[in-house]
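I opened my notebook for this one with a few simple things to look up. Here is what I wanted to see before reading on.

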Number of protein chains: 2
Amino acid sequence: MTAAGRPDSDAMRIGEAAATTGVSTRTLRFYEEIGLLVPSGRSAGGARRYSEADLARIHHIRDLQEVLGFDLGEIKEVLRCEDALGGLRTEYRAGVPDRRRHEILVEASDINARMRSVVAAKQEALAAMQAELEEKAARYRTLARQLGQVRTD
Amino acid sequence: MTAAGRPDSDAMRIGEAAATTGVSTRTLRFYEEIGLLVPSGRSAGGARRYSEADLARIHHIRDLQEVLGFDLGEIKEVLRCEDALGGLRTEYRAGVPDRRRHEILVEASDINARMRSVVAAKQEALAAMQAELEEKAARYRTLARQLGQVRTD
DNA sequence: CGAAAAATTGACGTTGACGTAAACTACGTC
DNA sequence: GACGTAGTTTACGTCAACGTCAATTTTTCG
């Protein structure tokens with residue numbers, strides 16, 4: 001009912017969306033409740049329909065949460081900002097004043113910079129941990145050899 | 001009262017310990033409550049005394065929590081394991097049966113391997129995010145130039 | 001020594017991020 | 001067109017990781 005060949009082939013129900021992304025249906029409804037992820041459509045009867053873009057957004061949210069350790073509030077801000085930028089492309093022809101465009105771009109760049117610094121910090125910390133862990137692993141191997149020589153039970 | 005020159009110069013009260021490690025005193029008491037970090041000493045009157053080793057442990061806990069995203073239960077297990085290994089060194093002369101030594105070593109190696117894989121996974125995810133972020137940053141710069149050319153307000 | 005500052009234990013409160021139960025409705029299918 | 005599965009809203013429950021009193025010592029310092 002949309003337009004071309006199979007344009008609404010990306011109509012996934014909440015159960016499928018949850019299963020394929022590894023979150024619960026409750027989580028998806030909760031994300032909508034707090035305005036984090038509003039599914040791109042609904043069925044006639046009112047059932048949520050998740051598009052591929054929605055699924056990507058879910059993964060994005062989980063990445064920000066698990067990899068960067070952001071809470072849902074921070075994630076919401078990040079997404080709001082990204083959405084604003086996406087809106088620029090979509091409404092390119094519409095009359096978005098230059099000043100507003102500039103604002104959005106500045107905020108996006110700002111958030112981008114902050115996130116890159118967070119990523120850098122995490123990478124540093126991880127590298128340090130990795131070094132420590134490998135040092136320990138080496139010591140463990142040595143210890144194991146010693147124990148093994150004395151008594152290979 | 002301990003032994004040498006200034007062996008108990010590492011006697012820090014909970015407030016100092018909290019301030020220097022960046023956690024709250026409540027957090028330190030909570031960590032003790034759940035057996036995560038029992039301060040190495042107490043004053044005559046019952047005030048907690050934190051040693052340098054305790055401080056290092058606090059940092060270690062926060063690292064595991066913030067960098068690796070472990071919850072306090074997992075962290076406790078990791079620490080318990082590390083403590084067991086440390087115990088081996090301390091009680092080296094005491095009669096720790098070889099079989100027990102072996103068990104401890106195996107568990108430590110096991111946890112070490114798991115942690116290394118977690119670290120590796122995080123590093124991969126971070127690298128991917130970094131690439132994405134830098135790609136976006138580049139696009140933002142391009143956009144900024146375009147906007148700037150049209151109107152350098 | 002005496003008062004202010006800091007600690008102690010105990011208990012209840014809070015916040016984020018969902019889980020779970022209930023009562024009802026929509027959807028595919030035989 | 002009945003029926004079982006999945007989805008909807010509403011609402012209360014939960015769990016981790018602390019926060020926040022409150023009443024009572026301890027410790028430090030002038």
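My entries below go from the fold of one chain to its domains and then to its partner.

**Entry 1, the model.** I noted at the start that this is a predicted model.

**Entry 2, secondary structure.** I looked up the elements of chain A and found 5 helices and 2 strands. Reading along the sequence, I wrote down the order α-α-β-β-α-α-α.

**Entry 3, burial and contacts.** How many of the residues of chain A count as buried? I got 16% of the 153 residues. I then turned to contacts in chain A with a separation of 6 or more, and 46% of them join residues 24 or more positions apart.

**Entry 4, domains.** The assignment splits chain A into domain 1, residues 9-67, and domain 2, residues 70-153. Over C-alpha atoms, I have the centres of these two domains of chain A 23 Å apart. Each domain puts residues into the contact between them: 6 from domain 1 of chain A and 6 from domain 2 of chain A. On the domain 1 side of that contact in chain A, I listed 4 nonpolar residues, 2 polar ones and no charged ones.

**Entry 5, the partner chain.** Next I checked chain A against chain B, where 31 residues of chain A are in contact with 31 residues of chain B. Which helices of chain A each supply at least two residues of the side that touches chain B? I noted helix H3 (52-66) and helix H5 (98-150). H5(A) gives the most to this side of chain A, with 25 residues. By class, the side of chain A that touches chain B holds 15 nonpolar, 6 polar and 10 charged residues.

Notes
Residues numbered from 1 in each chain as written. Chains lettered and ligands numbered in written order. Predicted model: local features only at pLDDT ≥ 70, side-chain atom pairs only at ≥ 80, totals over all residues. Domains from an automatic or database assignment. Contact = placed C-beta atoms within 7 Å. Nonpolar A, V, L, I, M, F, W, Y, C, P; charged D, E, K, R; others polar. Helix = DSSP H or I, 4+ residues; strand = E, 2+ residues; numbered from the N terminus. Buried ≥ 20, exposed ≤ 12 C-beta atoms within 10 Å, placed from the backbone.
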